[in-house]
Amino acid sequence: MRTLMRRHLGKLVAGTAIAVTCTAALVATALPDTAGARTGRGAPAAAAERPVWEPSGGPPGPGAVAPAPVEGERGTGRDPLTDGELERARRLAAAPEARTAENAAGAPGPQHLTADLAEPLPSEAGNAAPPRRAVVSYYDYRTDRLVTATVDVTSGRVESRGARQGVQPSPVRAELREAVELILASPHGAGLRADYRDATGAALTTPAPLTLSGYVYRREREARVPPELRSCGVHRCVRVVTRITGGPWIDTRDLAVDLSARTVVATPAGRGVA
């Protein structure tokens, strides 16, 4: 990994600068002339003589930031779930296992993955105000099960709930952070730390300076599977793609992290993309 970093670091840094410059140029040329722009509702922008952020006392001064609109406790229609609805849906969905489940860090409580607004039922077609439901999924690292529940966020009723093993959705940010914590704590983290020091001159002790993405490690897509990773699929295993925030990438795809077993394994090749 260090060899790859040393060979490509100069090009990556230069490429990053060029990409930023090109992006700025694209933004400058791609933005439409406000005289011909149209609002999101299809009316000419010129019809809205007063900006939406302008208070009665006039526009804000230089550097002022307009406050975000106040979000209601409950949304309406097909509005995205509000923070209050998300919190309630997650709490209700995980209630049966709130004390027994474990998250990616091994702490009590489930590892929340997704929460999305559900589509209305076919029987509710034409209903002007159908119930607002959230489809919530979380992972229980204690039992290695993916749990999915549908919650009526208005009434608070859990309409359905099911658990499956061997189903591995894409990892979320908290899981990727935990994977990097495990890499840094293992002997396999030496290359990542060395590459970070080469690029920045500083020590890497936490995932905080890194921008992370990643995907599920799928052993059925690998040419060779180390014995330590043969439980992946039932266990939650991921690969992490790391980048120094605002800087170059560091290739860590030759490492697979079994979050369930909390182990890091060097693998022959960085394949198995979800």
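Select helix α3, residues 173-185, in this predicted model: at 1.5 Å a residue its 13 residues should span 18 Å, and the end C-alpha atoms are 18 Å apart, which agrees.

Keep α3 selected and show its side chains. Which of its residues are buried? They are Glu175, Leu176, Glu178, Ala179, Val180, Leu182, Ile183 and Leu184. Now bring up the elements around them, for the buried residues of α3 pack against β1 (111-117), α4 (190-200), β5, β6, β8 and β9 (263-266).

From that list, move to strand β6, residues 237-244, where six of the eight residues are buried, so the strand is largely enclosed by the rest of the structure.

Next, add strand β5, residues 210-216, which runs antiparallel to β6 and is joined to it by seven bridges. To find one point along this pairing, pick glycine 214 and look across to valine 240, its bridge partner in β6.

Then select strand β8, residues 255-258, which also runs antiparallel to β6, with two bridges joining them. Here valine 238 has valine 257 in β8 as its bridge partner.

Finally, turn to strand β7, residues 249-250, whose antiparallel pairing with β6 likewise rests on two bridges; within β7, tryptophan 249 is the residue that stands opposite arginine 243. Follow the chain from β6 into β7 and you trace a hairpin with four residues between the two strands. Stop in the turn at glycine 246, which has a positive phi of about 80 degrees.

Key
Residues are numbered from 1 along each chain as its sequence is written. This is a predicted model: local features need pLDDT of at least 70, side-chain atom pairs count only at pLDDT 80 or more; totals for chains, interfaces and linings use all residues. Side-chain values use heavy atoms; hydrogens and water are left out. Buried means under 20% relative accessible area, exposed over 50%, partly exposed in between (1.4 Å probe, protein chains only). Two strands pair if DSSP finds at least two bridges between them. The expected span of a helix is 1.5 Å times one less than its number of residues. Contact means heavy atoms within 4.5 Å.
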